[in-house]
Amino acid sequence: MTADFVGRRALGRATLERQLLLGRRAMSVLDAAQHLVGLQAQEPLDPYHALWSRLERFRPDDLAQPLLDRRVVRIVVMRGTIHLVTADDCLVLRPLAQPVLDAELARHRDYGPPLRGVDLDPVLDVARALLAERPLTMTALRAGLAERFPDLHAPPLAYACRCKLGLVQVPPRGVWGRSGQVRLTTAEAWLGRPLASQPSIDEVVLRYFAAFGPAAVADVGVWCRLTGLREVVERLRPRLRPIRDDRGRELFDLPDAPRPDPAAPAPPRFLPRYDNLLLSHADRSRFFPDDRVRPRLFGADARVGGPVLHDGVVCGSWRIERDRDDGAATLVVSHTAGLGKRAQSSVAAEGRRFLRFAAADAGTHEVRLVALK
């Protein structure tokens, strides 16, 4: 099959369409989470911000209730990071992520060495039983393991359980408007079903292309951090469409995946601090055309809430400032100097809508745009 050619702008529009960011969709939270193969969720509110920018008339309870009902869960999967995934995907993605977590445990500077030569099977059996009784904090799990294994160092044992068992963070963690410590139980105990014994990496890679394509093999690796993906993609090649980008790289896509016109409008979007759109490609130039933009917009500023898109690329970063006296909320958008007045007006309008969602309890809402020098 002759490879198609696609430029950087076309790549960006295609990925934005798969990511539900060219236009908000009338989809359920479960359908969106399934299509996106989960949402990055190490910050508890990030999935809410991500879905607000993707779904029509999204309200916080649209996600909070499925969390409470155990239809979606928060669990470590791709890249060894917390994601919000459907219950069905939890049972498939968690066992596929095991090699990533095994490697993380082995190379951990503090916990890896004390575990060398330790038979972890009895430790994991005890942890399963403790966590099945009731969800526990890591502190409580360490205490339980210390009692049962007094001759071993409890913190590495607990970390091994985090890496070796499919541990779900249970509500109220991750529920909008509520807070709570991270409490854990096993996915099997929480969902009443076992993890998949033979999950298909082929099907998950095809889902990656559906949600993030067109993409290279290296991009798939950055998304999931698994190895051996060249072999997987070669096996899938008859089911994929080869593509060449403007630098000659070989990319792949699904034959029937949407490929919007590169000139299709891409409205402003406010994304959470961590969003898989910007974390799932080795080459992020489709969203960062200028390599100098990313460190200037984000750097080490912990106050940054997340990236702002305009015309399909990252043009700024946002944060919300609250006045302790009157509760007023101000959305501060730091943007690149090249953002024109019409674009600024469009970003500000979307920012006002976003702020009314993200800080609904504020007495007043204000958007302030600041150009980076």
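**Sheets, cores and helix packing in a predicted model**

L339 is placed in the loop that lies between β12 and α16. The structure described here is a predicted model. With a relative accessibility of 9%, L339 falls under the 20% limit and therefore counts as buried. Neighbours within four places in sequence aside, the residues in contact with L339 are H310, C315, Q344 and V347. One of these, H310, is 29 residues away along the chain, and the C-alpha atoms of L339 and H310 are 8.9 Å apart.

The elements on either side of this loop belong to a sheet and to the helix that crosses it. The sheet is open and has 5 strands in the order β9-β10-β11-β12-β13, with mixed pairing. Its edges are formed by β9 (269-270) and β13 (365-371); each has a single partner strand, so one side of each lacks a neighbour in the sheet. Strand β9 runs antiparallel to β10 (residues 306-310), and 2 bridges join them. R269 has L309 in β10 as its bridge partner. Helix α16 lies across β9, β10, β11 (313-322), β12 (329-335) and β13, and the angle between α16 and β13 is about 140 degrees.

Helix α16 also takes part in the nonpolar interior. The largest nonpolar core contains 61 residues, and those with the most contacts inside it are L51, F58, L63, L145, C161, F270 and L331. Helix α16 (residues 341-358) supplies 7 residues, the largest share of this core. For L63, the residues touched are V29, P47, Y48, L51, F58, V72 and L84, when residues up to four places away in sequence are not counted. A second core, separate from the largest one, has 38 residues, among them I75, A87, V170 and L240. In soluble globular proteins, nonpolar side chains tend to be buried together.

C161, listed above for its contacts in the largest core, also takes part in a helix packing. Two packed helices are described by the angle between their axes and the distance between the axes. Helix α8 (residues 121-133) packs against helix α10 (residues 154-164) at an angle of about 80 degrees, and their axes are 10 Å apart. This angle makes α8 roughly perpendicular to α10. On the α8 side the contact is made by V123, L124 and A127, and on the α10 side by L157, A160, C161 and K164.

A further sheet is open and consists of 3 strands in the order β1-β7-β8, again with mixed pairing. Here β1 (4-5) and β8 are the edge strands; each has a single partner strand, so one side of each is left without a neighbour in the sheet. The pairing of β1 with β7 (residues 241-244) is parallel and comprises 2 bridges. F5 is located opposite R244 in β7.

Strand β8 appears again in the surroundings of helix α12. This helix (residues 201-212) has 12 residues and spans 16 Å from its first C-alpha to its last, close to the 16 Å expected at 1.5 Å a residue. Helix α12 is mostly covered, with 9 of its 12 residues buried. The buried residues are D202, V204, V205, L206, R207, Y208, F209, A211 and F212. The elements covering them include the helices α1 (8-18), α2 (29-35), α5 (87-96), α13 (217-224) and α14 (229-236), as well as strand β8 (250-253).

Terms used. Residues numbered from 1 in each chain as written. Predicted model: local features only at pLDDT ≥ 70, side-chain atom pairs only at ≥ 80, totals over all residues. Heavy atoms only, no water. Helix = DSSP H or I, 4+ residues; strand = E, 2+ residues; numbered from the N terminus. Expected span 1.5 Å × (residues − 1). Buried < 20%, exposed > 50% of the residue type's maximum accessible area, 1.4 Å probe, protein only. Contact = heavy atoms within 4.5 Å. Pairing = 2+ DSSP bridges. Core = buried A, V, L, I, M, F, W, Y, C linked by side-chain atoms within 4.5 Å. Axes fitted to C-alpha atoms, helices over the stretch in contact; angles between N-to-C directions. Parallel < 35°, antiparallel > 145°, perpendicular 65-115°, else oblique.
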